[in-house]
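Visitor: I should like to learn how the features of a protein model are read. Would you kindly guide me through this one?

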Amino acid sequence: VIVTDLSRLGRDYIETGRLLQKTFPLLGVRFISITDCFDSLTPDFNETSLVLPLKNFINDAYAKDISDKVRSHQLIKRKNGQFTGAFAVYGYRKSRENHNRLEADEYAANIVKKIFAWKLIGLSNLFIAERLNEKGIMCPLEYKRIHGERLESGFAVGENMKWSAVAVKRVLTDETYIGNLGQGKTQRINYKIKRSVKKPESEWIRAEYTNQPVIEKTYFYRVQD
């Protein structure tokens, strides 16, 4: 295994140390780090006992520092009403001039308006979903994929993705459609673990009048009631 430097092998000092001191020697793997001038075939005692663990620790600390700075920068953007998500909510798209601003997607926005109109006359979420599917209207996930967005979903997907009552409810309860942004709804456990956990609604970061409304506030809050 050849790397430019130790940070390319890994920034988690525990896992990197385990690889260098246990796994590689056990499997007879030769390890070379070019800029660190390290070759496991000719190890020096000081390098293996002190220098390498120290460098691994510094690399780990650097990764944490970068993670903290990115999180702080995102927090400032959210408080200023800038969109920081990877994908725009259905009915919107990221502005080409400013990716931190949302602008209405005319086609999808019209579908959102229909969903609210149907809800206001008393249709259930399931009935609305069935009506959308009957009309051949693509669900949000399929619509994004058709437009080239590589959106991953935790829900089961297949060749024939369709609207569901859950998807309809998600549209009906999203305040983005009245021009507000609610962000920071999830948070990673820490910089080493990619899995995120949901945050209580009281800790969300809200900003008003950040984008063009698609639904009038009167209709939106009537639907919430």
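**Two helix pairs and their surroundings**

Guide: Let us begin with a pair of helices: H4 and H8 are oblique to each other, since their packing angle is about 55 degrees and an angle between 35 and 65 degrees falls in neither the parallel nor the perpendicular class. Please bear in mind throughout that this is a predicted model.

Visitor: Where do these two helices lie, and how far apart are their axes?

Guide: Helix H4 covers residues 106–120 and helix H8 covers residues 217–224, with 10 Å between the axes. The crossing of H4 past H8 is left-handed. On the H4 side the contact is formed by Phe116, Lys119 and Leu120, and on the H8 side by Tyr219, Phe220, Arg222 and Val223.

Visitor: How many nonpolar, polar and charged residues has the contact of H4 with H8?

Guide: Five residues are nonpolar and two are charged, while no polar residue takes part.

Visitor: At what angle do the axes of H4 and H5 cross?

Guide: Helix H5 spans residues 125–134, and its axis crosses that of H4 at roughly 140 degrees, coming within 10 Å. An angle must be over 145 degrees to count as roughly antiparallel. H4 and H5 are therefore oblique to each other. In this case the crossing is right-handed. H4 contributes Ile111, Ile115, Trp118 and Lys119 to the contact, and H5 contributes Asn125, Ile128, Arg131 and Leu132. By class, this contact of H4 with H5 holds five nonpolar residues, one polar residue and two charged residues. Lys119 of H4 appears in the contact with H8 and also in the contact with H5.

Visitor: How should one read the chain as a whole? What is its radius of gyration, set against that of a compact globule?

Guide: The radius of gyration of the chain is 25 Å, whereas a compact globule of 225 residues would have one near 17 Å. The C-alpha trace spans about 80 × 40 × 35 Å along the principal axes. The chain contains eight helices and nine strands.

Visitor: What share of the residues is buried, and what share of the contacts joins residues at least 24 apart?

Guide: A residue counts as buried when its relative accessible area is under 20%. Of the 225 residues in the chain, 34% are buried. As for contacts between residues at least 6 apart in sequence, 59% of them join residues at least 24 apart.

Visitor: Turning to single residues, is lysine 79 buried or exposed?

Guide: The relative accessibility of lysine 79 is 58%, so this residue counts as exposed. Lysine 79 belongs to helix H3, residues 45–79. From lysine 79 to histidine 99 there are 20 residues in sequence, and the C-alpha to C-alpha distance is 16 Å.

Visitor: Backbone angles may also be read residue by residue. What is phi of cysteine 37, and what is phi of tyrosine 209?

Guide: Cysteine 37 has a phi near 55 degrees, a positive value in a residue other than glycine. This cysteine 37 sits in the loop between strand E2 (32–33) and strand E3 (38–39), and cysteine 37 is exposed at 65% relative accessible area. For tyrosine 209, phi is likewise positive, near 55 degrees, and this residue too is other than glycine. Tyrosine 209 lies in the loop between strand E9 (205–207) and H8, and with 63% relative accessibility tyrosine 209 counts as exposed.

Note on methods
Residues are numbered from 1 along each chain as its sequence is written. This is a predicted model: local features need pLDDT of at least 70, side-chain atom pairs count only at pLDDT 80 or more; totals for chains, interfaces and linings use all residues. Side-chain values use heavy atoms; hydrogens and water are left out. Axes are lines fitted to C-alpha atoms, for helices over the stretch in contact, and angles run from 0 to 180 degrees between N-to-C directions. Helices (H or I, at least four residues) and strands (E, at least two) are DSSP runs, numbered from the N terminus. Angles under 35 degrees count as roughly parallel, over 145 as roughly antiparallel, 65 to 115 as roughly perpendicular and the rest as oblique. A crossing is left-handed if the near helix is turned anticlockwise from the far one by less than a right angle, and right-handed if clockwise. Contact means heavy atoms within 4.5 Å. Ala, Val, Leu, Ile, Met, Phe, Trp, Tyr, Cys and Pro count as nonpolar, Asp, Glu, Lys and Arg as charged, and the others, Gly among them, as polar. The radius of gyration is taken over C-alpha atoms; the globule rule is 2.2 Å times the number of residues to the power 0.38. Buried means under 20% relative accessible area, exposed over 50%, partly exposed in between (1.4 Å probe, protein chains only).
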